[in-house]
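Let's take a walk through a protein chain, starting from one residue and working outwards. Have the structure open and follow along.

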Amino acid sequence: MDIAVLGTGYVGLVTSVCLSEIGHEVTCIDVDKEKVKKMALGISPIYEPGLVELMTSNINNGRLHFTVNHKEGLANKKIIYIAVGTPQKKDRSADLRFIVQAAKDIAHNIKNDVIIVTKSTVPVGTNMYIKELILENLTTDLKVEIVSNPEFLREGSAIKDTFYGDQIVIGSENDGPASILEKIYKPFGVPVFKTDIYSAEMIKYASNAFLASKISFINEMANMCEKIGANIDDVAKGMGQDRRIGSHFLRAGIGYGGSCFPKDTQALVKMAENVQCDLGIIRSTIEINELQHTVLLKKAKERFGNLVGKRLALLGLTYKPNTDDIRGAPSIPISEQLIKEGANIIAYDPVGMEKARAILPKEIQYAGSLEEALLNADLAFILTEWDEIIEYVENKLMEEPVIFDGRNCFSLEDAKKLNVEYHSIGRPA
Ligand code: UGA
């Protein structure tokens, strides 16, 4: 199949690379000239394990192309993916600016009947709106069909998730375009679930909201465990062994972050408000998550009285390991709180420091290594469970800073062997 993909953000690029890997001819279209130039040379704008290797091999075998030219990229394509961003607006709803532009670009450049596949996370009803918009802007009489095909990739394991995902959701008005898409995905061997467009759009938001709720739930339990002397790791393990509950997304910590859960939960609440529905569980999920971003600071203040002039090593800045993404990361509110409290922050992240510099408070200093970050530190906050951080702390510890572990990187037994003062989440001190 000859496929065009509009937007080379995280979802667009990973999707394009994986589609080319299973044999399709894929043209990625993006407005950012510099980025397109680099991608054509096999330079990825994002850090994602395995991506560069697949990108390079498919550029070399001639199946993966990049262009800024919509005319060239869209002409003669029968399948066009929309994977542009839907950032959050001030009123918490999804900003559809790039979606609207994509629909217009498609309408102005196609020459034949098309199937539009929406990968971007869009509010319920948006796919039908995209279709209308394309039809309104067409100058010739062409057939436009639309498919909602939400993605369930996790950053850091996106390639694996694409090839070994639990399911592919395809929402369409009739079976014609859905069957074509099913054929496109056949080489993945992942089960396909076909449904209507509105349900497919809703599955995406409901799934992310449910996962976020699981995290806030376990964090709430963790806070209670601390009061009664129970261990949240064992509680989560014991709960997770019940298959009705499942063991995933029950890791307690400093709360979820990223470009998806925070934005999508808020957009869902907003969408529900628009149809006079109150999503109490999701509102609480968001509130608990924001409170959870403050727990390490509370613990540090209880321990030190105040943090004025204290040298604090902030370890791990990305919202999770194996990505360089800082969007929505707990490191943002946490570092802002620490600056207000007068701490001197020296930060380190294995791959996220470049992006962090643009987003985190300007007062933060950055270290070239973990050793440098921890040198003479009074205390350390672990915000992301990067292997490099865990291994370093395990193997050679610094001048005895007090550790506040926001991701429960060590079992309590292993923490004892570290021979430092160790604080974590939801476990006996
Ligand atoms: C999430 C979903 O997991 C994907 O299915 C979805 O496709 C994606 O959003 C999206 O909508 O694009 P992602 O944000 O990449 O994926 O990362 P997750 O692995 O889900 O982690 C999100 C946050 O939750 C991280 O900050 C992580 O540290 C936190 N988390 C996760 C916990 O605090 N505890 C857990 O048990 C699991």
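## Starting at His293

Keep in mind that this is a predicted model. Our first stop is His293, which has 22 C-beta neighbours inside 10 Å. The cut-off for calling a residue buried is 20 or more, so His293 counts as buried.

Where does His293 lie? You'll find His293 in the loop between α12 and α13. Leaving out residues up to four places away in sequence, His293 touches Ile254, Gly255, Pro330, Pro333 and Ile334. Ile364 is another matter: it is 71 residues along the chain from His293, and 18 Å separate the two C-alpha atoms.

## Two helices: α13 and α14

Just past that loop comes α13 (295-304). Its buried residues are Val295, Leu296, Leu297, Lys299 and Ala300. They pack against α12 (280-292), α14, β12, β13 (402-405) and β14. After α13 comes Gly305, with a positive phi near 85°.

Now look at α14, which covers residues 331-340. Ile334, one of the residues that His293 touches, is buried here along with Ser331, Ser335 and Leu338. Looking down the axis of α14, you'd see these buried residues fall within an arc of 95°, so they line one face of the helix. Why can residues that aren't next to each other in sequence share a face? An α-helix has 3.6 residues a turn, so residues three or four places apart point the same way. Among the elements covering the buried residues of α14 are α13, β9 (311-315), β10 (344-348) and β12 (379-382). Gly342 follows α14, and its phi is positive too, near 85°.

## The sheet

Several of those strands belong to an open sheet of 6 strands with parallel pairing, in the order β11-β10-β9-β12-β13-β14. Which strands stand at the edges? They are β11 (365-366) and β14 (422-423); each has a single partner strand, so one side of each is left without a neighbour in the sheet.

Zoom in on β9 and β12, which run parallel and are joined by 4 bridges. Here Leu312 has Leu379 of β12 as its bridge partner.

## Zooming out to the domains

Finally, step back to see the whole chain. It is divided into domain 1 (2-195), domain 2 (203-291) and domain 3 (293-423). The centres of domain 1 and domain 3, taken over C-alpha atoms, are 37 Å apart. Where these two touch, domain 1 supplies 6 residues and domain 3 supplies 7. On the domain 1 side, that makes 3 nonpolar, 1 polar and 2 charged residues.

Terms used. Residues numbered from 1 in each chain as written. Predicted model: local features only at pLDDT ≥ 70, side-chain atom pairs only at ≥ 80, totals over all residues. Domains from an automatic or database assignment. Nonpolar A, V, L, I, M, F, W, Y, C, P; charged D, E, K, R; others polar. Buried ≥ 20, exposed ≤ 12 C-beta atoms within 10 Å, placed from the backbone. Arc of directions from axis to C-beta. Pairing = 2+ DSSP bridges.
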